[in-house]
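Please look at the sequence and the structure below. The text that follows goes through a pocket, two helices and the enclosed cavities.

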Amino acid sequence: MQPKHFVAFDLGATSGRTILGSLRDGELVLKELTRFPNTILPLGGHYYWNIFSLYEHLCEGLRAAAREGVEIASVGIDTWGVDFAFVGKDGSLLGLPYAYRDPHTDGAPEEYFSKVLPREEVYGATGIQIMQFNSLYQLYAMQRDRSSQLAAAERLLFMPDALSYLLTGEMVTEYTIASTSQLLNPRTKRIEARLLEKMGLSPELFPPIVMPGHRIGTLRAELAAACGLPQLPVIAVAGHDTASAVAAVPAADERFAYLSSGTWSLMGIEVREPFINELTERYNFTNEGGVEGTTRLLKNITGMWILEQCLRKWKDEGRDYTYPEIVKMATGAAPFRTMIDPDDASFATPGDMPAAIRAYCERTGQPAPGDDSAMIRAIFESLALKYRFVLDRFRSLAPFEIERLHVIGGGSKNALLNQFTADSLGIPVTAGPSEATAVGNIMLQARAAGCVGTLQEMRTLIARCIPVEEFTPGDTAAWDAAYTRFMTIVK
């Protein structure tokens, strides 16, 4: 059998990669071709994404793929959720997309609930957790502020769809990325028109919804020629990076929870139907679209963002730590001295994160971490304890016993945090693949090409090809005591 080669563009909130995936005789091999930064662009008091710079990086990725000298079957793009770009009547992009951390949505959910539709009706229609940066509230804020982009918009494209549009000239709304927006009804799998119409917008803003595996189109002729490639098909993979990552969980059965660990930690279970009830609303759980019509019942947890912001501040102060140094520092620090709620609002925006942690400690009557090592240890322990807090709620809802946690994404390489998590949860943790999003992206392209069949067949192949690391619970008594204290601090 001749090998099949696929190009995956995996764009996260801080960086992006071009990955070449090669499938031959049931074996999957990955090769990173390019890596590039994706940073929030502060401009005029707002935060934006430089989508045109991202496009340039995609073009460089295509040129790198051409230099490999292999026949490429297709291209797929996944990104973070909720953010979007506008297309005007002439087909051009209308400026830079807002970044989800922009403050223009501060207070927007409460305004929407008081002026447009009540909170219960919004959650009942969408099953999506209320977070101020959801696309619904971004649109509300733009309509409220009389955005010139919104006024001139002919179409709205979520980020992977906008980048696919730049590559192909074709516009679609991929299902999994749309499901992050709080605009999609997970039962009908369609945009819920009343959420928009009640604030004077039309659902016609959105192109037709397509499912993972849909062939969007081919590379524009001039782009393909400039990159030294034929007009390759561009496939709508699971455009939300978490949806692609969950598709790559190497699980043998359904009795698992997953944790997609990166800038954000997304914990959840995979179910056949959405769970929308008083309990899930109270827990602020979200129902996002998955592969094969599954629902990803999950909770967003602030992840490595807090550590990333600390590292940025320390680097500015002349202390630049490597990853092995970070782990060594945390390992040597005293346990359970300081605990924070990673989801506290004071940690949500860019800035002096060490100062925000010290202020949180003062507010909660705790000693502030004495040095960088203690702060790193506090972040890792607090994440593991927050994972337990969320998993306990999934245990009360799951139609099966949760026997294992699969940690996927870049955070799966953090062996110390993985062990902390196993100790905190009291169940085994399987870590890997670290490149789960790119793997899922590639395997969904392979599925579209007829190389693999069902979702479970994909997972079985991934489990066979990609090594993982196992962590078993250790000193659970100490973690049980820490969890009791954690609950009193975070309330």
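Helix α15 is the main contributor to the lining of the second largest pocket, giving four residues. The model is a predicted one. This pocket holds about 790 Å³ of space. Its lining is made up of 35 residues, and those closest to the centre are Met131, Thr302, Asp343, Asp344 and Ala345. Besides α15, the elements that give two or more residues to this lining are α2 (108-115), β18 (295-302) and α19. Sorted by class, the lining of the second largest pocket has 18 nonpolar, six polar and eleven charged residues.

Helix α15 spans residues 372-397 and also takes part in covering a neighbour in sequence, helix α14. In α14, residues 353-363, the buried residues are Met353, Pro354, Ala356, Ile357, Tyr360 and Cys361. Why do they fall on the same side of α14? The buried residues cover an arc of only 160° around the axis, and therefore lie on the same side of the helix. An α-helix has 3.6 residues a turn, so residues three or four places apart point the same way. The cover over the buried residues of α14 includes α12 (305-316) and α19 (476-490) as well as α15.

Helix α16, residues 415-425, is mostly covered, with nine of its eleven residues buried. Which residues of α16 are buried? They are Leu416, Leu417, Asn418, Phe420, Thr421, Ala422, Asp423, Ser424 and Leu425. Helices α15 and α19 appear again here, among the elements that cover the buried residues of α16. The cover over α16 also includes helix α13 (323-332) and the strands β19 (404-408), β20 (429-431) and β21 (469-471). After α16 comes glycine 426, which has a positive phi, near 75°.

A record can be set beside this part of the chain. An unreviewed UniProt entry places the feature "domain: Carbohydrate kinase FGGY C-terminal" at residues 257-449. In the model, the span 257-449 is 46% helix and 17% strand, and its end C-alpha atoms lie 29 Å apart.

The remaining features are enclosed spaces. How many cavities of 30 Å³ or more does a search of the whole structure find? The search finds three. The largest cavity has about 50 Å³ of space, and the residues that line it are Phe84, Ala85, Phe86, Leu96, Pro97, Tyr98, Gln138, Met142 and Gln149. Two elements, β7 (84-87) and α4 (135-144), each give two or more residues to this lining. Strand β7 gives the most, with three residues. The lining of the largest cavity has seven nonpolar residues, two polar ones and no charged ones.

The second largest cavity has a volume of about 40 Å³. Its lining consists of Ile77, Pro160, Asp161, Ser164, Glu174, Ile216, Ile235, Ala236, Val237 and Gly239. Helix α6 (159-168) and strand β14 (233-236) each supply at least two of the lining residues, and the largest share, three residues, comes from α6. By class, this lining divides into six nonpolar, two polar and two charged residues.

Key
Residues numbered from 1 in each chain as written. Predicted model: local features only at pLDDT ≥ 70, side-chain atom pairs only at ≥ 80, totals over all residues. Heavy atoms only, no water. 1 Å grid on protein atoms, 1.4 Å probe; cavity = no way out; pocket = protein on both sides within 12 Å on 5 of 7 lines; lining within 4 Å. Points joined across faces, edges and corners; volume = space filled by probe spheres on them. Nonpolar A, V, L, I, M, F, W, Y, C, P; charged D, E, K, R; others polar. UniProt positions renumbered as here; feature names shortened; annotations may be inferred. Buried < 20%, exposed > 50% of the residue type's maximum accessible area, 1.4 Å probe, protein only. Arc of directions from axis to C-beta. Contact = heavy atoms within 4.5 Å.
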